[in-house]
Amino acid sequence: MEGVSARVLVGDGAGGGTLYHRRRGMAAWRRLRRSPPTLIGGAVVLALVLIALFAPWVSPYDPTKLQVGLPLSGPSAGHLLGTDHLGRDILSRVIFGTRISLLVGGSAMLFAVSLGVPLGLLSGYFGGWLDMMIMRAVDVMLSFPFLIFALLLIVVLGNGTSNVVWALGVGSIPLFARLVRGTVLSLKGREFVQAAQVVGASHRRLIFRHILPNALSPIIVTASLLVAVAVIAEASLSYLGLGTQPPTPSWGYDLNKALSYLEVNLWMALGPGIAILLTATAFNMLGDGLRDLTDPRLRNK
Amino acid sequence: MWKYILNRLLFAVPTLIAITVLVFLAIRLVPGDPVQNQIGLASDPAVSAQIKAQLTKSYGLDQPLPVQYLKWLGHVVTGDWGESLFTHRPVLGEIVHRAPISLELLVLSMATSLIMATVVGVVAALRRGSGIDFGLMFFTALGISAPEFLVGTVLIYVFALKLGWFQAAGFARIEDDPLRNIKSLLLPGLSLGFARAALLTRLVRAEILETLGQDFIRTARAKGLRDRVVMTRHALRNAMLPVVTVAGLQIGAVLGGSVIVESLFVLPGMGTYGINALQKRDYPAIEGFVLLIAVGFLLANLFVDIAYSWLDPRIRYGRR
């Protein structure tokens with residue numbers, strides 16, 4: 001997550017008014033067409049989601065079934081990526097691993113957004129003691145490195161896929177709370193918000209009609225970058241044996257097992273390794289591309 | 001300047017207290033009864049209940065949480081961090097012995113990533129729009145998304161298994177054998193620094209391109225300075241402040257990643273200790289590990305803050 005905050009900072013797009021523009025669909029599409037990273041990232045993400053959804057139909061074998069081939073055999077027509085130390089089909093494990101990876105990445109992101117965004121809105125909009133309390137809590141959470149905080153939560157919650165989601169989700173709340181608070185503070189000073197306030201708009205109308213729509217693009221950008229971080233963190237935790245437990249196929253855990261057989265069958269490591277890299281790169285490209293698209297400073301380049 | 005530093009230090013105190021509360025609570029929130037775990041399943045429930053009450057009292061677990069916390073904090077402050085439930089060695093001693101290795105790894109990885117990022121970033125900026133630039137940028141796009149253990153695995157395969165330049169195991173402490181020490185930390189340092197290097201390379205490139213477009217660069221060129229001097233003295237120096245800022249923001253990621261890299265390369269540092277403790281649920285060791293990382297992180301951030309205010313006086317006189 002440190003990576004996300006750094007990159008949000010690098011290309012800090014307040015993105016005012018872009019997503020909430022009239023004829024926004026057309027304009028957005030025309031810009032999108034000129035941004036290959038966004039398109040490629042988006043296409044790969046879409047493909048991954050489809051693979052995850054249709055894993056049982058796409059994968060040639062049952063990923064947990066032992067001895068579907070000779071153990072540790074290299075790529076062949078029957079097993080495109082070869083087999084692992086227990087004779088399981090590596091390609092099938094990689095395909096099913098997509099499910100865990102996207103499920104954890106997506107759920108952790110949704111959890112963080114659904115708590116972090118409201119907290120940031122409250123904090124930035126109302127200010128005062130509420131703001132102070134929320135921001136102090138955020139500070140304390142951020143005083144642990146992201147992965148260490150997740151590890152601490154895993155200690156409390158126990159190992160396992162769903163606990164990884166909680167740990168990564170809770171750990172990412174500060175990211176959105178801070179981001180949204182900052183955006184709200186800058187929007188509050190803008191004329192259109194003040195004008196709405198002067199004509200007597202309610203808090204609810206101000207927040208949901210004027211502030212939130214204009215804060216959406218940085219949220220979407222950060223959400224996409226966060227999925228990449230969460231995918232990597234899930235793989236890291238499973239790699240350490242604290243995340244997804246065997247025999248469920250998980251890229252991180254499979255890569256760990258592959259270490260002992262690097263010289264026998266490299267594909268055991270390459271399969272999940274490339275899958276992790278591809279997934280994280282796709283979400284990063286999508287996020288970076290969207291940021292460049294929605295950042296008014298970069299738009300007319 | 002001193003006033004600013006003092007101010008920052010004072011602000012760190014509440015955070016420090018909050019960190020200790022959180023670590024203390026986290027371990028106590030773990031489901032399961034530590035006393036019950038210790039005595040196991042005694043055959044006679046009446047006897048077992050008696051032993052349990054006795055042990056609970058002797059551990060001070062019958063007292064209210066705030067009292068337990070203050071007692072625990074007193075121990076922590078006076079250097080009694082408890083002992084490992086498995087090895088029965090004092091946690092603090094173990095940590096003090098291991099922390100220098102992790103620190104070395106951290107410094108090495110930060111240094112290599114900054115150097116790589118500067119060199120590659122400058123090359124990409126100079127060759128902007130060329131095939132080289134495109135290739136490097138594609139490579140960094142992948143690099144940002146590469147987890148430490150993946151980079152490490154690739155490095156082990158190529159440099160240890162195939163080329164045989166490094167042994168994957170066989171660590172020596174710097175005071176025993178400096179050469180072997182550096183050799184055994186090089187691959188871990190690279191694995192840890194790679195993703196950071198990729199991120200910083202993009203930033204160096206972007207910052208240099210932006211700086212090169214500014215008036216003072218044109219002035220420097222106009223007065224006849226050579227390209228190299230313009231690049232190093234003028235462009236690079238101005239481009240580096242944001243780079244250093246972002247490098248500072250990466251400390252947390254490096255601390256988290258070092259845990260993984262250490263366990264991959266079996267380095268006897270803090271990270272391996274922490275992961276072993278986590279896998280075995282060795283609570284005193286986990287407490288010590290998390291506490292030290294959090295405090296180290298706090299100090300590192302403090303140091304970075306102070307370094308900026310020294311580099312950029314606007315921060316010193318700005319907010320607060």
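Start with helices H5 and H11 of chain B: H5(B) passes H11(B) in a right-handed crossing. Keep in mind as you look around that this is a predicted model.

To find the pair, select residues 91-126 of chain B for H5 and residues 251-265 of chain B for H11. Their axes come within 10 Å and cross at roughly 115°. With angles of 65 to 115 degrees counting as roughly perpendicular, that makes H5(B) roughly perpendicular to H11(B).

Now show the side chains where the two helices touch. From H5(B), pick Ser102(B), Leu105(B), Leu106(B), Ser109(B) and Met110(B). Their partners on H11(B) are Val254(B), Ser258(B) and Glu262(B). Color this set by type and you'll get four nonpolar residues, three polar ones and one charged. As for the spacing of the residues you've picked, an α-helix has 3.6 residues a turn, so residues three or four places apart point the same way.

Stay with H11(B), but bring chain A into view. Which element gives the most to the side of chain B that touches chain A? H11(B) does, with seven residues. The whole contact takes 39 residues from chain B and 39 residues from chain A. Other elements that give two or more residues to chain B's side include helix H1 (2-29), helix H8 (178-212), helix H10 (227-249) and helix H13 (283-311) of chain B. Try coloring that side by type as well: the residues divide into 31 nonpolar, eight polar and no charged.

Next stop, residues 215-222 of chain B, which form helix H9. Is H9(B) well covered or hardly covered? Hardly covered: among its eight residues, the count of buried ones is zero. Step just past the end of H9(B) and click on Gly224(B), which takes a positive phi of about 90°.

Finish by selecting chain A on its own. How many helices and strands does chain A have? You should find 13 helices and zero strands. Chain A has 301 residues, and buried ones make up 50% of them. Turn on contacts too: of those in chain A with a separation of 6 or more, 73% are between residues 24 or more positions apart.

Last, color chain A by pLDDT. Its mean is 83, and 89% of the residues reach 70 or more. Where should you be careful? Go to residues 9-21 of chain A, where pLDDT stays under 50. The model has 33 contacts beyond four places in sequence for this stretch of chain A.

Notes. Residues are numbered from 1 along each chain as its sequence is written. Chains are lettered from A and ligands numbered from 1 in the order in which they are written. This is a predicted model: local features need pLDDT of at least 70, side-chain atom pairs count only at pLDDT 80 or more; totals for chains, interfaces and linings use all residues. Axes are lines fitted to C-alpha atoms, for helices over the stretch in contact, and angles run from 0 to 180 degrees between N-to-C directions. Helices (H or I, at least four residues) and strands (E, at least two) are DSSP runs, numbered from the N terminus. Angles under 35 degrees count as roughly parallel, over 145 as roughly antiparallel, 65 to 115 as roughly perpendicular and the rest as oblique. A crossing is left-handed if the near helix is turned anticlockwise from the far one by less than a right angle, and right-handed if clockwise. Two residues are in contact if their C-beta atoms, placed from the backbone, lie within 7 Å. Ala, Val, Leu, Ile, Met, Phe, Trp, Tyr, Cys and Pro count as nonpolar, Asp, Glu, Lys and Arg as charged, and the others, Gly among them, as polar. A residue is buried if 20 or more other C-beta atoms lie within 10 Å of its own, exposed if 12 or fewer, and partly exposed in between; C-beta atoms are placed from the backbone. pLDDT is the predictor's confidence in each residue, from 0 to 100.
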